[in-house]
Amino acid sequence: MTHTSDTQDEPVVLSKEGLPGWLDPVVHAVETVEPLQLSRFLPPENGAGRQSAVLILFGEGERGPELLLMERAGSLRSHAGQPSFPGGALDPEDGDPAADGPLRAALREAEEETGLDPSGVQLFGVLPKLYIPVSEFVVTPVLGWWRKPSPVGVVDPGETARVFTVPVADLTDPANRATTVHPSGHRGPAFLVESALVWGFTAGIIDRLLHYAGWELPWDRDKQVPLDWRS
């Protein structure tokens, strides 16, 4: 993972050195999880789909470990108003999609969307590529440790409604967990945190990470939250 693109001299590398001990279960989960353990939606075998990446950024907040999320602007064409990880499609200058292109894309998009300083982020793992059928994105989830936190906020109100962090303790709290029921009949995990409903692709990844890191607490899967037709 030390491929260098012509436009950027610095190679983007994965490193597990110096991570806080509480991230050990996450590192182990990332190293051992199989694609189908994360999602039944996997990239098309014919290579179709738009290559993209998201940054799953763990930080240390006032209430312990936390994740960085953003809420997409309600005016956007796809996934409008949805809380999500920072991320987006790979650009040509990000480099090889099969090498460190997704790492660059995750950091670049996070900087563009939240204003964070990428130099303070230590990337430590990559999950198997997943697929979002509705938008035909092939997504590489890239995991990072916010070694040197920097100020974050909305950079472009046309793209982002807000940027916020969620304590892992709130994500694991059974009172904040529910099952969403889409009008299509599809059911999936959801989190009611920071006055937001996190559902869909983002909630699915958080749910699996909590599960395979051993952080999940028993919760009421019969508690349902309906999604309206616009979702």
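Is Phe191 buried or exposed, and what is its relative accessible area? The residue is buried, with a relative accessible area of 0%. The legends below describe a predicted model.

**Figure 1. The whole chain contains five helices and twelve strands.** The radius of gyration is 17 Å, close to the 17 Å that the globule rule gives for 231 residues, so the chain is as compact as a globular protein of that length. Along the principal axes, the C-alpha atoms fill a box of roughly 50 × 40 × 35 Å. Of the 231 residues, 49% are buried. The surface that the chain exposes comes to about 11200 Å², and carbon and sulfur atoms supply 52% of this area. Among contacts between residues at least 6 apart in sequence, 67% join residues at least 24 apart.

**Figure 2. Phe191 is shown in its place in strand S10, with its contact partners.** Neighbours within four places in sequence are left aside in this view. The remaining residues in contact with Phe191 are Leu171, Asn176, Arg177, Ala196, Leu197, Val198, Ala203, Ile206, Asp207 and Leu210. One of these partners, Ile206, is 15 residues from Phe191 in sequence, and the two C-alpha atoms are 9.2 Å apart in space. Phe191 counts as buried because its relative accessible area is 0%, and the cut-off for a buried residue is under 20%.

**Figure 3. The loop between strands S10 and S11 holds Glu194 and Ser195.** Strand S10 spans residues 187-193, and strand S11 spans residues 196-198. The phi angle of Glu194 is near 50°, a positive value in a residue other than glycine. Ser195 likewise has a phi angle near 50°, positive although the residue is not glycine. How exposed is Glu194? Glu194 has 34% relative accessibility and therefore counts as partly exposed. Ser195 has 76% relative accessibility and so counts as exposed.

**Figure 4. The buried residues of helix H1 are Val26, Val27, Ala29 and Val30.** The helix itself covers residues 24-32. Why do the buried residues lie on the same side of H1? They cover an arc of only 160° around the axis, which puts them on the same side of the helix. As a general point, an α-helix has 3.6 residues a turn, so residues three or four places apart point the same way. The buried residues of H1 pack against four elements: strand S1 (50-61), strand S5 (121-126), strand S7 (137-146) and helix H5 (200-212).

**Figure 5. Strand S2 pairs with S1, S8 and S3.** Strand S2 comprises residues 64-72 and is mostly covered, with eight of its nine residues buried. S1 and S2 run antiparallel and are joined by four bridges. These two strands form a hairpin, with two residues between them. In this pairing, Gly61 stands opposite Gly64 in S2. S2 also pairs in the antiparallel sense with strand S8 (residues 160-167), over seven bridges. Leu69 has Phe164 in S8 as its bridge partner. The pairing of S2 with strand S3 (residues 83-84) is antiparallel and consists of two bridges. Here Met70 stands opposite Ser84 in S3. In a regular strand, the side chains alternate between the two faces of the sheet.

Note on methods:
Residues numbered from 1 in each chain as written. Predicted model: local features only at pLDDT ≥ 70, side-chain atom pairs only at ≥ 80, totals over all residues. Heavy atoms only, no water. Buried < 20%, exposed > 50% of the residue type's maximum accessible area, 1.4 Å probe, protein only. Arc of directions from axis to C-beta. Contact = heavy atoms within 4.5 Å. Pairing = 2+ DSSP bridges. Rg over C-alpha atoms; globule rule 2.2 N^0.38 Å. Areas by Shrake-Rupley, 256 points an atom, 1.4 Å probe, with all protein chains shown as cover.
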